[in-house]
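Visitor: I would like a close look at a single part of this protein chain. Please pick one residue, say where it sits, and then work outward to the rest.

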Amino acid sequence: MSEQERIALTRDVDVIMIPDGTASSLPQNHTVTIHQSLGNSFTVITEHGHMVQIAGADADALGKEPIEIATLVSGSDIHAVEQNCWEVMKTVYDPEIPVNIVELGLVYHCKVSPIAEGQYSVNVIMTLTAPGCGMGPMIQSEVEIGIKKLDGVQSVNVEVVLSPPWEREMMSEAAQLQLGMI
């Protein structure tokens, strides 16, 4: 997470409104304040006070370099693919919370199944911090897109369930400490 920084956009950019998840755009020269730059996106506050998310691929509009995902485990066996799936999910953040979805306890299950030699299908079951979370589809999509980019992954299914409901006790101790809950 970086210090808050005010920046004038260098070009028009597509954004996702937080917390409702609707698509919008901001024009070139619109001033934003970076609230958080974690995972593969930036959460910014617009000059009108709205919180929006800008994709890491659009980092140049903020005068920043694209966010790079950490080096993953090498190998294409089932265990390496599963470990890489978890590493990818650790790069996905709820844009309002500076903790990744794995540490938040939102990912219930990640199953990697072989479908051919060196090719796998991945099934993820996850939840949201709140049933009506407007950012849910965006978070779900980030998980799917990130895992689909992994070597050997041929298909990905990310299912969002609301039962059992998420509770803050599902967070890792590190996440609770980071958020000042312990």
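Guide: Valine 156 lies in strand β9; the model shown is a predicted one. The relative accessible area of valine 156 is 12%, and the cut-off for buried is under 20%, so this residue counts as buried. Setting aside the neighbours within four places in sequence, valine 156 has contacts with Val122, Glu144, Ile147 and Lys148. Tyrosine 93 is a useful point of reference: 63 residues separate it from valine 156 along the sequence, and the two C-alpha atoms are 19 Å apart.

The strand itself also serves as cover for another element. Strand β9 covers residues 153-160 and is among the elements that cover the buried residues of helix α1. The others named there include β7 (107-116), β8 (119-126) and α2 (136-148). The residues of α1 that are buried are Ala80, Val81, Asn84, Cys85, Val88 and Met89. Helix α1 itself runs over residues 78-89, which makes 12 residues. From its first C-alpha to its last, α1 reaches 17 Å, close to the 16 Å expected at 1.5 Å a residue.

Helix α2, one of the elements covering α1, holds methionine 138. This methionine 138 is buried too, with a relative accessible area of 13%. Apart from neighbours within four places in sequence, methionine 138 has Gln53 and Pro95 as its contacts. Measured against the reference point used before, methionine 138 is 45 residues from tyrosine 93 along the chain, with 10 Å between their C-alpha atoms.

Now the whole chain. The protein chain has 3 helices and 9 strands, and their order along the sequence is β-β-β-β-β-β-α-β-β-α-β-α. Of its 182 residues, 41% are buried. Taking contacts between residues at least 6 apart in sequence, 54% join residues at least 24 apart.

As for overall dimensions, the C-alpha trace spans about 50 × 35 × 25 Å along its principal axes. The radius of gyration is 17 Å, which agrees with the value near 16 Å for a compact globule of 182 residues. The chain exposes about 9,400 Å², and carbon and sulfur atoms supply 50% of that area. Finally, there are 8 positive and 24 negative side chains, and the centres of these two sets are 1 Å apart.

Methods
Residues numbered from 1 in each chain as written. Predicted model: local features only at pLDDT ≥ 70, side-chain atom pairs only at ≥ 80, totals over all residues. Heavy atoms only, no water. Helix = DSSP H or I, 4+ residues; strand = E, 2+ residues; numbered from the N terminus. Rg over C-alpha atoms; globule rule 2.2 N^0.38 Å. Buried < 20%, exposed > 50% of the residue type's maximum accessible area, 1.4 Å probe, protein only. Contact = heavy atoms within 4.5 Å. Areas by Shrake-Rupley, 256 points an atom, 1.4 Å probe, with all protein chains shown as cover. Lys, Arg positive; Asp, Glu negative; His and termini not counted. Charge placed at Lys NZ, Arg CZ, Asp CG, Glu CD. Expected span 1.5 Å × (residues − 1).
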